[in-house]
Amino acid sequence: MDFAKKLLPLSILFIFLVSCSNNYSSSPTISNPTPKDYLKNTDADIFLLDDYVFSYAEDIEWVRELEYELGRQVGEITKQADKASKFKNGTANKLPIGTKIFETDTPAYIAIIDGKEIRYLKMVEG
C-alpha cells in the first residue's frame with residue numbers, strides 16, 4: 001500500500017511535466033517561400049524545382065554583375081501555371097515549356113530561352 005501512495009503523486013507529476021514540456025519546447029517552424037508567396041505580385045517570374053521557388057533576378061545588380069560558368073542541367077520547365085495551387089516541380093508562370101535550367105558556380109541558376117541566358121535565384125528562408 002505504501003508503494004501505491006507514492007506512485008500516484010509521481011504519476012501525476014510525470015504527466016504534468018510531459019504535457020508542459022510539449023507546450024514550451026516547440027519552436028516556430030520556418031519554411032521556404034512557396035509559389036503562393038510570389039504570385040500575389042502580378043510581375044512575379046518564378047519556377048518551382050526540387051520544391052524550391054526560383055525567382056527572376058536579372059533586375060538585381062549584384063546578380064547581373066556575376067561572372068559564372070554554366071554547370072549541369074538541373075531541370076526543365078514542363079508546365080505553365082498562374083495559380084499557386086497548380087504549381088509542382090517543373091512549373092513556371094512565365095518561362096515557356098521546354099526551357100532548360102542550369103546550375104552555375106555562383107548562387108545564380110540559368111534558364112536558357114532561344115540561346116539567351118536568364119538569371120534566377122533560389123528563394124530560401126533564413
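# A tour from strand S2 outward

Select Phe54 and Lys122 as a starting point: Lys122, a residue of strand S8, is the bridge partner of Phe54. Bear in mind from here on that the model is predicted.

With that pair still highlighted, extend the selection to the two strands, S2 and S8, the latter covering residues 116–123; they pair in the antiparallel sense over four bridges. Strand S2 spans residues 52–56 and is also joined to S1, again by four bridges and again in an antiparallel arrangement.

Next, move to the turn between S1 and S2. Tyr52 in S2 is the bridge partner of Leu49, and two residues lie between the strands of this hairpin, where Asp50 takes a positive phi near 55°.

Step back towards the N terminus and select Lys40, which sits in the loop that runs between helix H2 (35–39) and strand S1 (46–49). Is Lys40 buried or exposed? Its relative accessible area is 65%, and since anything over 50% counts as exposed, Lys40 is exposed. If you add Lys83 to the selection, you will find its C-alpha atom 9.5 Å from that of Lys40, although the two residues are 43 apart along the chain.

Now zoom out and show the whole chain before turning to the charged pairs. The protein has three helices and eight strands, and from the N terminus on these elements follow the order α-α-β-β-α-β-β-β-β-β-β. Of its 126 residues, 32% are buried. Taking the contacts between residues at least 6 apart in sequence, 58% join residues at least 24 apart. A surface display would show about 8,900 Å² exposed, of which carbon and sulfur atoms supply 54%.

The remaining stops concern side chains of opposite charge. How many salt bridges does the structure hold? It holds three, and each can be selected in turn.

Begin with Glu58 and Arg119, whose closest N and O atoms are 3.5 Å apart in a salt bridge. This pair links distant parts of the chain, as Glu58 belongs to the loop between S2 and helix H3 (61–64) while Arg119 belongs to strand S8, 61 residues apart. Colouring by accessibility shows Glu58 as buried, with a relative accessible area of 17%, and Arg119 as buried also, at 13%.

Continue with Arg72 and Glu103, which form a salt bridge with the closest N and O atoms 3.3 Å apart. Because Arg72 lies in strand S3 (residues 70–76) and Glu103 in strand S6 (residues 100–104), the pair ties together parts that are 31 residues apart in sequence. Arg72 counts as exposed at 55% relative accessibility, whereas Glu103 is partly exposed, with a relative accessible area of 25%.

For the last stop, keep strands S3 and S6 on display and select Lys100 with Glu76, whose side chains meet in a salt bridge at 3.4 Å, N to O. Here too the pair links distant parts of the chain, with Lys100 in strand S6 and Glu76 in strand S3, 24 residues apart. Both residues fall in the partly exposed class, Lys100 with a relative accessible area of 33% and Glu76 at 32% relative accessibility.

Methods: Residues are numbered from 1 along each chain as its sequence is written. This is a predicted model: local features need pLDDT of at least 70, side-chain atom pairs count only at pLDDT 80 or more; totals for chains, interfaces and linings use all residues. Side-chain values use heavy atoms; hydrogens and water are left out. Buried means under 20% relative accessible area, exposed over 50%, partly exposed in between (1.4 Å probe, protein chains only). Contact means heavy atoms within 4.5 Å. Accessible areas come from the Shrake-Rupley method with a 1.4 Å probe; for residues, only the protein chains shown count as cover. Two strands pair if DSSP finds at least two bridges between them. A salt bridge is a side-chain nitrogen of Lys or Arg within 4 Å of a carboxyl oxygen of Asp or Glu.
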